[in-house]
Amino acid sequence: MLFALALGGAAAPAPADDACMDFKWDVSKERALFAGTPAALPAGKDPKSAPLVVPNRLYTLRLVDQDKVVFSAPPAKKMQGPGVYGGLATLKIPAPGSYRVAVDLPFWIDVVSSGTKVAAEDFQGQHGCSAPHKIVAFDLVGVQPFVLQFSNATSENVLLTITPVPPRKL
């Protein structure tokens, strides 16, 4: 009987209500990073004060009142009124390529290279999931370093990770 209970427990499926299981991409790397301990950084109010972030690490950024942020380029999404947060980070990547920016809350993400916004390749999000909530993919081949711009956040503290897009499996 103990054997049957142990075998039954080992074969139990993952909960069907896990909101983080419905991403169309393999987000196992992002999920693993979000399970770790983040490094705390204050977000920059302008490009010169933006902290440096690198891929494959988890960060907690402390955003500031958005009306105090001097963006490198105007955010692509119209800015909301008072009570929203924003900030900047400087991204240094080891090699050009496609990268995913993953965050735990719904807010706007722009990547800027030499004063010009980099177009997003793709994005997705999962309501009810915060590990991560939203992922945006960018092809980063321009001049480094890149400026990550965060705007329209409703929380002062956000989790962030950047990962290279894994090669496609055929």
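Which residue in S12 stands opposite Ala102? In this predicted model, the residue opposite Ala102 is Thr161 of S12. The pair belongs to a sheet that is described below, after an outline of the whole protein.

**Overall composition**

The protein contains 2 helices and 12 strands. Read from the N terminus, the order is α-α-β-β-β-β-β-β-β-β-β-β-β-β, with both helices ahead of the strands. Of the 170 residues, 42% are buried. Among contacts with a separation of 6 or more, 76% are between residues 24 or more positions apart. The exposed surface comes to about 9500 Å², and carbon and sulfur atoms supply 60% of that area.

**The six-stranded sheet**

An open sheet is built from 6 strands, in the order S1-S3-S12-S6-S10-S9, with mixed pairing. Strand S1 (39–42) and strand S9 (120–125) are the edges; each has a single partner strand, so one side of each has no neighbour in the sheet. From one strand to the next, the twist averages 25°.

Strand S12 sits between S3 and S6 in the sheet order. Strand S6 covers residues 97–103 and strand S12 covers residues 157–164; the two pair in the antiparallel sense over 5 bridges. On the other side, strand S3 (residues 58–62) is joined to S12 by 5 bridges, and these two strands also run antiparallel. Individual residue pairs involving S12 are listed here.

| Residue | Partner in S12 |
|---|---|
| Ala102 | Thr161 |
| Tyr59 | Leu160 |
| Tyr99 | Pro164 |

**Thr163 in strand S12**

Thr163 is part of strand S12. Is this residue buried or exposed? Thr163 has a relative accessible area of 1%, so it counts as buried, the cut-off for that class being under 20%. The side chain of Thr163 makes a polar contact of 2.6 Å with the side chain of Glu30. Beyond its neighbours within four places in sequence, Thr163 is in contact with Lys29, Glu30, Leu33, Asn56, Ser98, Tyr99 and Arg100. Glu30 is thus named both in this set of contacts and as the polar partner of Thr163. Tyr99, also in the set, is the residue whose bridge partner in S12 is Pro164.

**Two residues with positive phi**

Which residue in the loop between strand S7 and strand S8 has a backbone angle to note? Ser114 is found in that loop, between strand S7 (108–113) and strand S8 (116–118). Ser114 is not a glycine, yet its phi is positive, at about 50°. Its relative accessibility is 59%, so Ser114 counts as exposed, since that class begins over 50%.

Asn152 is another residue other than glycine with a positive phi, near 65°. Asn152 is found in a strand, S11 (residues 146–153). With a relative accessibility of 5%, Asn152 counts as buried. The two residues therefore fall into opposite classes: Ser114 is exposed, whereas Asn152 is buried.

How values were computed. Residues numbered from 1 in each chain as written. Predicted model: local features only at pLDDT ≥ 70, side-chain atom pairs only at ≥ 80, totals over all residues. Heavy atoms only, no water. Helix = DSSP H or I, 4+ residues; strand = E, 2+ residues; numbered from the N terminus. Buried < 20%, exposed > 50% of the residue type's maximum accessible area, 1.4 Å probe, protein only. Contact = heavy atoms within 4.5 Å. Areas by Shrake-Rupley, 256 points an atom, 1.4 Å probe, with all protein chains shown as cover. Pairing = 2+ DSSP bridges. Axes fitted to C-alpha atoms, helices over the stretch in contact; angles between N-to-C directions. Polar contact = N/O pair within 3.5 Å; in protein donor to acceptor, adjacent residues only side chain to side chain.
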